[in-house]
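Let's take a walk through this fold, looking at how some of its helices pack and then at one of its pockets. Keep the structure open as you read.

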Amino acid sequence: MENKTVEYGNWVSLRLVLMPGVLALLLGGSAVFLPPLGIAAGFFLLVSAYFAYARYAFSPKGRDIQAKALDLVLSHVPEGDGEGKALDIGCGSGALAIRIAKRYPNARVVGIDRWSGGWGSSKRLCERNASLEGVAERVSFEAADAASLPFDDEAFDLAVSNFVFHEVRGVRDKRRLLNEALRVVKAGGCFVFQDLFLWRLVYGEIDDLLDTVRSWGVESVEFIDTSGSAFIPRTLKLPFMLGTAGILRGKK
């Protein structure tokens, strides 16, 4: 029987659980002959257990953190009249693009992603989810790179993204990705981007980041710290998880 349930995957890749777990087993076995390897085995076992917990917490069967983080982005999208076109950069399994389409019945939404890596998402899965959610006629998905969006300048009324920019490989300065995202937003259009903006190793100082965005001529931009959201457990407030999360929103 065909599965009629939407599948939005998990932001914590299964490989993050399995790879350190396998290493822990291999090192643990070798520790019989070389006892110091037992310390390394214990470390990788803890890493595997941490990501197993994180994967559970992000899932609907756990704390449903994924859905709550998406709702944060959606809550900062201006109400407006619901007309026009929206772009979801790094749409993954299509969850945010589909949420926007359901909230704005007159809008058209485009989701782009490279669909690479171990997250289990794909264009086909996005289209299936959109169909099951009843918005397939207004949502489309394209394979594209966030570093070089295949759209004309000012093609969209709204651009959104959720925990994507820091993952884009090949672009050391992540601000370039923000600039490219804003390129396709119309003058007067809005943007809402959630990412690890407080992670200084990736984005530098937040005030400097805001000044940079303002220098591009946007009408307004503000930063909202989402790392302290009540739904985020303390164990997931590490810099590479949600401990440096925040939203950049504004009007071009």
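Before the helix pairs, a word on geometry: an axis here is a line fitted to C-alpha atoms, for helices over the stretch in contact, and angles run from 0 to 180 degrees between N-to-C directions. Bear in mind, too, that this is a predicted model.

Start with helix α1, residues 15-30, and helix α2, residues 37-58. Their axes sit 8 Å apart, and the packing angle is about 160°. Angles over 145 degrees count as roughly antiparallel, so that is the label α1 gets relative to α2. As for handedness, the crossing of α1 past α2 is left-handed. Which residues in α1 meet α2? On the α1 side you'll find Leu16, Val17, Pro20, Gly21, Leu23, Ala24, Leu27, Gly28 and Ser30. Facing them from α2 are residues including Leu37, Phe44, Leu45, Val47, Phe51 and Arg55. Sorted by class, this contact holds 14 nonpolar, 4 polar and 1 charged residues.

Next up is the pair made by helix α3 (residues 65-75) and helix α4 (residues 95-103), whose axes are 10 Å apart and pack at about 50°. Because of that angle, α3 counts as oblique to α4. The two cross in a right-handed sense. From α3 come Ala67, Leu70, Asp71, Val73, Leu74 and Ser75, and they meet Ala95, Leu96, Arg99, Ile100 and Arg103 of α4. The class split for this contact is 7 nonpolar, 1 polar and 3 charged.

Further along the chain, helix α6 (residues 175-183) and helix α8 (residues 206-214) have axes that come within 11 Å and cross at roughly 35°. Is this crossing left-handed or right-handed? For α6 and α8 it's right-handed. Here Arg175, Leu178 and Leu182 of α6 touch Asp208, Leu209, Thr212 and Val213 of α8. That contact comprises 4 nonpolar, 1 polar and 2 charged residues.

Now for the empty space. Rolling a probe the size of a water molecule over the atoms shows where such space is left. The second largest pocket encloses about 270 Å³. It is lined by 18 residues, and the closest to its centre are Pro78, Gly80, Glu83, Asp157 and Leu158. Which strands supply the lining? Strands β1 (85-89), β4 (156-162) and β5 (185-195) each put in at least two residues. The largest share, 3 residues, is from β5. By class, the lining of this pocket has 8 nonpolar, 5 polar and 5 charged residues.

How values were computed:
Residues are numbered from 1 along each chain as its sequence is written. This is a predicted model: local features need pLDDT of at least 70, side-chain atom pairs count only at pLDDT 80 or more; totals for chains, interfaces and linings use all residues. Side-chain values use heavy atoms; hydrogens and water are left out. Helices (H or I, at least four residues) and strands (E, at least two) are DSSP runs, numbered from the N terminus. Angles under 35 degrees count as roughly parallel, over 145 as roughly antiparallel, 65 to 115 as roughly perpendicular and the rest as oblique. A crossing is left-handed if the near helix is turned anticlockwise from the far one by less than a right angle, and right-handed if clockwise. Contact means heavy atoms within 4.5 Å. Ala, Val, Leu, Ile, Met, Phe, Trp, Tyr, Cys and Pro count as nonpolar, Asp, Glu, Lys and Arg as charged, and the others, Gly among them, as polar. On a 1 Å grid over the protein atoms alone, a cavity is a set of points where a 1.4 Å probe fits but cannot get out, and a pocket is an open set with protein on both sides within 12 Å along at least five of seven lines; lining residues have an atom within 4 Å of a point. Grid points are joined across faces, edges and corners, and a volume is the space filled by probe spheres set on the points.
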